Amino acid sequence: MNLKPGWLLLLTFSAGVLSVPIDRNVGNQEAKEEVPEENGDTGLYYDRYLREVIEVLETDPHFREKLQTANTEDIKNGRLSKELDLVSHHVRTRLDELKRQEVSRLRMLLKAKLDSTNIQTLQMDHASLLKQFEHLDPHNQNTFEAKDLELLISTATKDLENYDAERHEEFKRYEMLKEHERREYLKGLDQEKREKEEKRMQELQEKHRQHPKVNAPGSVAQLREVWEETDGLDPQEFNPKTFFKLHDTNEDGLLDEQELEALFTKELEKVYDPKNEEDDMMEMEEERLRMREHVMKNVDTNKDRLVSLDEFLKSTERKEFNNPKEWETLDTKPTYTEEELQRFEVELRDKEEELKRKAESLRQEQELLKERGKALEAQRREYQQAVLEMSQRQRDQQAADGQPPTGPNGELQFQPETVKMEDKEAKPPSEQEAQVQNNLPAEPPQNLPLHT
């Protein structure tokens with residue numbers, strides 16, 4: 001997504017952060033390599049929704065034109081949001097769809113949060129719960145209106161202003177956790193191994209400190225180094241205006257925060273190498289953030305989180321540009337105090353105890369479920385045995401009464417008739433009986449007296 005300065009002004013997105021190599025064999029023309037644009041994540045939990053809304057709005061010619069001519073105040077005070085009523089129907093339809101998708105996503109997040117906290121609710125009031133999200137209008141969950149755009153811009157602006165502070169706090173907690181784990185690891189060793197390991201760690205720290213001098217970000221020495229080593233140009237021919245245009249990679253006339261951070265790579269490589277055990281890449285990114293904040297503080301005079309050509313050229317006229325103070329890297333001063341570390345460790349212990357209590361509660365529930373399962377299985381077996389015994393008693397009683405046996409549901413079960421032993425021993429029928437059975441006439445009896 002190729003964002004315009006109006007959006008860059010508020011959201012500090014980048015269209016590319018790579019330095020542009022120069023072909024010095026093409027006279028005075030600057031040949032630029034085609035570098036695919038890369039979009040940096042803002043870190044906001046609604047980043048995707050924000051980007052998709054901007055992408056859809058920029059497809060509308062009217063809104064795109066208004067955005068290009070809008071200034072900072074037009075965007076911040078909501079005047080630009082009123083232009084939403086003039087965009088085309090298919091753009092509004094797509095925005096409505098995006099909002100419904102975002103509301104659905106937030107509902108899923110809320111449900112997952114409630115499930116994780118074991119909060120049982122008979123009926124979830126989504127409208128009330130959605131009020132905690134400030135980047136959309138919770139009262140209208142189906143259509144994207146001007147108020148939604150106004151809320152999205154104002155919330156993103158506020159959140160991005162706090163984003164750097166949150167990153168610093170996150171890094172501090174990361175460093176305290178590292179130190180906590182280091183101390184816990186050493187506690188688990190015997191004295192000889194602990195002394196040996198402490199010595200090894202101290203040597204690694206000292207090795208990390210042995211790096212070349214780091215130029216102050218934004219100083220003439222730092223920019224000349226980029227000009228020479230990255231751009232391949234003669235440091236004696238350094239020109240601030242040319243330098244600015246070379247590193248305005250999306251050619252929008254501004255250096256955004258990502259374009260600035262790309263300028264510090266050479267300085268950071270002096271201190272951090274991912275192949276070295278003693279170099280922490282998380283610390284490198286914190287150092288990059290500190291460098292960018294330093295430049296913005298001294299160069300970004302209107303505090304719009306962007307550096308214009310005029311601001312950049314004026315910064316090169318300042319005394320600090322040619323004679324800056326020595327840059328202090330992270331290894332020169334601690335990120336936290338011992339008191340902060342102690343409070344952090346107390347917090348960790350409390351969380352560990354809470355996790356242990358939850359684990360024990362889950363174990364007990366599991367044992368209870370197992371016991372209930374065993375009891376149910378025993379009851380099932382008793383029931384089956386009782387049914388079998390009842391069926392057997394019924395069969396015995398029916399046999400005694402001469403009744404045919406019945407099945408498990410009371411149905412009669414007839415068995416093929418068996419031939420009794422006495423029937424087998426009975427005499428065969430007489431010849432006369434056989435003739436009668438076969439409908440044959442019987443022969444007259446012989447030797448009977450004749451009647452006259």
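Student: Why does Y45 count as partly exposed?

Tutor: Bear in mind that this is a predicted model. Y45 has a relative accessibility of 43%, and partly exposed covers what falls between under 20% and over 50%, so that's the label Y45 gets.

Student: And what makes F133 buried?

Tutor: Its relative accessible area is 11%. The cut-off for buried is under 20%, so F133 qualifies.

Student: Why is the pair of Y45 and F133 called tilted?

Tutor: Their ring centres are 5.9 Å apart, and pairing requires centres within 6.5 Å. The planes make an angle of 55°; stacked needs under 30 degrees and edge-to-face over 60, so this pair is tilted. Y45 sits in the loop between α1 and α2, and F133 in the loop between α6 and α7, so the pair ties together parts 88 residues apart in sequence.

Student: How do you know that F244 and F312 form an aromatic pair?

Tutor: Same check: 5.6 Å centre to centre against the limit of 6.5 Å. With 50° between the planes, that pair is tilted too. F244 belongs to helix α10 and F312 to helix α14, so parts 68 residues apart in sequence are tied together.

Student: What makes F244 and F312 buried?

Tutor: F244 comes in at 2% and F312 at 6%; buried means under 20%, so both pass. Ring pairs also link these two with W227, F238 and F243 into a cluster.

Student: Why is helix α2 described as largely enclosed?

Tutor: Eight of its 11 residues are buried, so the rest of the structure largely encloses α2. Among them are Y49, L50 and I54.

Definitions and conventions. Residues numbered from 1 in each chain as written. Predicted model: local features only at pLDDT ≥ 70, side-chain atom pairs only at ≥ 80, totals over all residues. Heavy atoms only, no water. Buried < 20%, exposed > 50% of the residue type's maximum accessible area, 1.4 Å probe, protein only. Helix = DSSP H or I, 4+ residues; strand = E, 2+ residues; numbered from the N terminus. Phe/Tyr/Trp six-rings, centres within 6.5 Å; stacked < 30°, edge-to-face > 60°.
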